[in-house]
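Biologist: Could you take a close look at one part of this protein with me? I'd like to start with the surface and then go on to the charged side chains.

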Amino acid sequence: MKTKPKLILPTEAEDAQINAGIAADPGNPEWSATDFQRARPAKEFFGAATFEGMVSLKRKPGERGPQKSAVKERITIRLSPDIVSRFRASGPGWQARIDEALADWLSAHSPDELSA
């Protein structure tokens with residue numbers, strides 16, 4: 001089960017720095033009560049086709065978006081515990097690093113070498 005990250009509020013100094021940055025950006029001012037009153041839902045602002053197109057892009061939390069390159073194939077593979085523990089210890093992205101290590105090996109070898 002995933003745990004929710006703890007909410008860490010900014011310190012007074014950090015909050016002051018944030019507010020100073022907002023005040024210094026005339027192109028993106030902080031909204032006033034009047035701005036919120038004038039705001040309209042996206043459904044009313046955009047045309048129906050545009051709004052439906054945006055809604056179709058909405059993903060569920062944790063759901064991946066369209067892939068920019070070929071999607072990797074999900075497989076089951078058995079690896080030595082030592083190999084798995086060493087890659088896992090290297091932190092997030094360890095499975096991608098295994099993929100990179102195999103690709104590197106294949107750049108200098110042929111899988112046919114193993115069947116002999």
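Which residues make the nonpolar surface patch? And where do the salt bridges sit?

Modeller: Sure! Keep in mind that this is a predicted model. The nonpolar patch is made by Ile 75, Ile 77, Leu 79 and Ile 83, and it covers about 360 Å² of surface. One of its members, Ile 77, sits in the loop between helix 4 (48-57) and helix 5 (81-89).

Now for the charges. Side chains of opposite charge can pair when their charged atoms come close. Searching the whole structure turns up three salt bridges.

Let's begin in that loop again. Lys 72 pairs with Asp 99, and their closest N and O atoms are 3.7 Å apart. This pair ties together distant parts of the chain: Lys 72 is in the loop between helix 4 and helix 5, while Asp 99 is in helix 6 (residues 94-108), 27 residues apart. Lys 72 counts as exposed because its relative accessibility is 58%, and the cut-off is over 50%. Asp 99, at 39%, is partly exposed.

Next, helix 5 holds both Arg 86 and Asp 82, four residues apart, or about one turn of the helix. Their side chains meet in a salt bridge at 3.8 Å, N to O. Arg 86 is exposed at 59%, whereas Asp 82 is partly exposed at 45%.

Finally, hop over to helix 2 (residues 33-38), where Asp 35 and Arg 38 are three residues apart, again about one turn. Their salt bridge spans 2.9 Å from N to O, and Arg 38 is exposed, with 60% relative accessibility.

Definitions and conventions:
Residues numbered from 1 in each chain as written. Predicted model: local features only at pLDDT ≥ 70, side-chain atom pairs only at ≥ 80, totals over all residues. Heavy atoms only, no water. Patch = residues over 30% accessible without salt bridge, like charges linked within 9 Å, V, L, I, M, F, W, Y side chains within 5 Å. Areas by Shrake-Rupley, 256 points an atom, 1.4 Å probe, with all protein chains shown as cover. Salt bridge = Lys/Arg side-chain N within 4 Å of Asp/Glu carboxyl O. Helix = DSSP H or I, 4+ residues; strand = E, 2+ residues; numbered from the N terminus. Buried < 20%, exposed > 50% of the residue type's maximum accessible area, 1.4 Å probe, protein only.
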